[in-house]
Every structure is written in structure tokens, then in C-alpha cells.
Amino acid sequence: MDKTMFNIFKALLLRDGPIKKFVISFPGLRSCYGNAIDEIILYLSQRHIEEFALPCAAGDGQKYKLHSSLFSCLQLNMLRLRHCELRQPSWFVGFGKLRSLVLMSVTLPSDFCENFLLKCPMLKRLRVTDCDGPSNLELVAPRLVWFRFSYRDPQKICFKCTPLLVSLRLCWNFEKTADMVALLASLPALKEFHVDFGLPQNIAVGVSDVPSRLPTPLHRLKRLHTWDLDFRSLETAHFFVCLIISSPNLRELTIKLHRSKPNQPAANSDATTSIGSLLEAECRHGSGDCFLKKLRVFRIEECLGMQVELDLVKFVLATAPVLKRIHIPPLRKLSSDKVIEFMKEIMKYKRLSKEAMVIYKSK
């Protein structure tokens, strides 16, 4: 046993009584530590452990295979794992008290949903990041309220039974817009949605595949965060507008544009200049009284000083009647003269809300 691990285990043996929380954390998880970690987990399983975390990065590229005794820790309410292989034994009856589960770079079993998640009926918070595992995920988690999902490969995900899910963050290669439309239709309680538009296969193949609005409006959605928006793609522009129109009670909207190279040709040269006109067209078609009427905060992350950002600010100021604040971060990529020019342009825009403020942070 490694000297460091030996000292940890020695300290554990001196402990009398239950252990509520234990974290094994060091710079690199090497395969030679496996037996020592096994012994620690075996010991903890006899001490009614309630919170266990193994957040170590792999030092030699090898993933640690979780000792089966971990699955007998029936008092667990928080479990956080990184660079591990999770494979529940056949006798696993479930974690009846588990409320929070974090899995990062973990290899999941093919029956992860039906024979692991389904046996965690009290689960409220779930994070799955850069994991390997089944190609199809069907989530049955009746108490789940918070979910963060980031997967390396294209994946089928279905929220089969998540009636209480209010906060969702997706960094996921959905193959077609219909997948995202169906997914959102299955989340009636959703209040906060973070979505990454920057993945290679997103968004739809053609504009015709993007609906003008979702068949089931997101009436409860209050906060929408969109990352890596590339409005050079008409498909992305149309789907962004679709999300806005389908969220009539939106309170906060955050955007972050895709960082393309200055000399990189646009995939669709019309899209970058059309986002404002797309939104205005929806207003003219009679839906203008439905969206942005409750928007209070508009935020641009990592502002690039682009025309499309000005178009969005102009539209929000002109159509949001109860707007309170627009947040613009430091324009570090622009010269001081360009920053002044950018902000002067914004100051010219008409404001429907008398309380609307544009807040610019210079540092």
C-alpha cells in the first residue's frame, strides 16, 4: 500500500463510531492505488457513511473499478465519482436515501437507468459529464429537480418520468431538432434551461425542420441560457427564435455567441444580419404580445462587440415592457475607441421600459 494511503487508512482505524462524510482527493489516481481504495471503501461501508466522494483525476489513464462494498452503503445521500468504472452487483437493492449523484468521466453499465437510477427513488440532483456508457438513456426519476448532462457522443435521451424537473443543462449532440422538441415537451415543470448550440451536429439539417414554435409552450420557463450561438447558421437562428417565442413567461435571457475566427467565412451570410428581422417578423405576425412581455434581465456573456449583439439589444429594449437590466461584460477584444462607439450605439436605442438600464462593466 502507498505510504499516503497507508496513513489515511491508519487514521480511519483510529476513528470510533459512524463516519458521515469522506472524500478521497489527490492530484492523480494511479492504478496502484486500487487495492488501498478498496480497503478504505470496505471500511467505510461498515461505518454508515452518508456522503462519499472520489473526485480524483486519472494519473495513468486507468479508471478505478469501484469496490462492490460501496453498493452496500445504504445510508448514502450524496455520491460523487470521477474516473471510475461503475458496475453495480446483482445483489444491489438500491440507494434508498441518495439525493445527489455526480458522475464525471465514469464508465456506466449498459443497464445504468433500469438497474441503478431506478433504484434511487429519492434522487433530486444528477450530473452526468463526459461519461461512457449506454447509447440510450431513459430517465425515470420522479423526484429529480436538477439535471446537468454532457455527453461525448450522439445520444438518445428520454425523460420518461421526471415530472418535478425544474433546472436542466444540456451539452449534447442531438441528431435533429425533433429530438429537442420532443424532449422539451416531456418537461412540464421546467423553469431553468441551459443549452449549448456549439456541438458539431447541432442544430437541424435545414430550416424547414425547425418549427416556428414548440407544440407545447414552456409556460413555466423563467430563465433561458444559450451558449455558442452561431447566427451564421439560419437553423440556429430559427431555433433560437423558436425557443424565445415558446417561452411566454421568460424572466431572464442569457446569450453567449460562438467565437469564430475573424477571417472564417460565414456558413450562411444572411443569418448573422437576420436575427433581429426574424424576431421583428414574429412581432408583425401577431405573436409580439406573447414573448418578452415579462423579461426583466437580458445578459450577454463574453460580449464580442458584434452587430448581431447590437441587434439583439435593440430588439429587447424596444419590445420588453418590464425590462430592468441589460448586462454587458467587458469588451476586452476591442480598443477603447471601439468600446465607446459600441456603447454609444446602444444609448441611441429606444426603450419601451422606463426602468431599463444598460449596465456595462469595464473590468
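**Charges on a predicted model**

Q: Why is Lys-97 called partly exposed?
A: In this predicted model, Lys-97 has a relative accessible area of 40%. Partly exposed covers what lies between under 20% (buried) and over 50% (exposed), so Lys-97 belongs in that class.

Q: Where does Lys-97 lie?
A: You will find Lys-97 in the loop between strand 5 (84-85) and strand 6 (100-104).

Q: Which residues join Lys-97 in a positive surface patch?
A: Lys-97 forms the patch with Arg-99, Lys-124 and Arg-143. A patch residue needs over 30% relative accessible area, so Lys-97 at 40% passes that cut-off.

Q: What makes Asp-132 and Lys-63 a salt bridge?
A: Their side chains meet with N to O at 3.3 Å. The cut-off is within 4 Å, so the pair counts as a salt bridge. This pair links distant parts of the chain: Asp-132 sits in the loop between strand 7 (125-131) and strand 8 (136-140), and Lys-63 in the loop between strand 2 (51-54) and strand 3 (64-65), 69 residues apart.

Q: Is Asp-132 buried or partly exposed?
A: Asp-132 has a relative accessible area of 29%, and buried would require under 20%, so Asp-132 is partly exposed.

Q: How do you know that Glu-302 and Lys-256 form a salt bridge?
A: The closest N and O atoms of Glu-302 and Lys-256 are 3.5 Å apart, and the limit is within 4 Å, so the pair qualifies. Glu-302 is in the loop between strand 15 (297-300) and helix 7 (307-319), while Lys-256 belongs to strand 14 (residues 252-257), so the bridge ties together parts 46 residues apart in sequence.

Q: Why are Glu-302 and Lys-256 called partly exposed?
A: Glu-302 has 38% relative accessibility and Lys-256 has 21%. Buried means under 20% and exposed over 50%, so Glu-302 and Lys-256 fall in between.

Q: What makes Glu-355 and Lys-324 a salt bridge?
A: Here the N to O value is 2.4 Å, which is within the 4 Å cut-off, so the pair counts. Glu-355 lies in the loop between helix 8 (336-347) and strand 17 (357-360) and Lys-324 in the loop between helix 7 and strand 16 (325-328), so parts 31 residues apart in sequence are tied together. Glu-355 is partly exposed at 48% relative accessible area, and Lys-324 is partly exposed at 31%.

Q: How many salt bridges does a search of the whole structure find?
A: The search finds six.

Terms used
Residues are numbered from 1 along each chain as its sequence is written. This is a predicted model: local features need pLDDT of at least 70, side-chain atom pairs count only at pLDDT 80 or more; totals for chains, interfaces and linings use all residues. Side-chain values use heavy atoms; hydrogens and water are left out. Patches are made of residues with over 30% relative accessible area and no salt bridge: like charges are joined within 9 Å, nonpolar side chains (Val, Leu, Ile, Met, Phe, Trp, Tyr) within 5 Å. Accessible areas come from the Shrake-Rupley method with a 1.4 Å probe; for residues, only the protein chains shown count as cover. Lys and Arg count as positive and Asp and Glu as negative; His and the chain ends are not counted. The place of a charge is taken as NZ of Lys, CZ of Arg, CG of Asp or CD of Glu. Helices (H or I, at least four residues) and strands (E, at least two) are DSSP runs, numbered from the N terminus. Buried means under 20% relative accessible area, exposed over 50%, partly exposed in between (1.4 Å probe, protein chains only).
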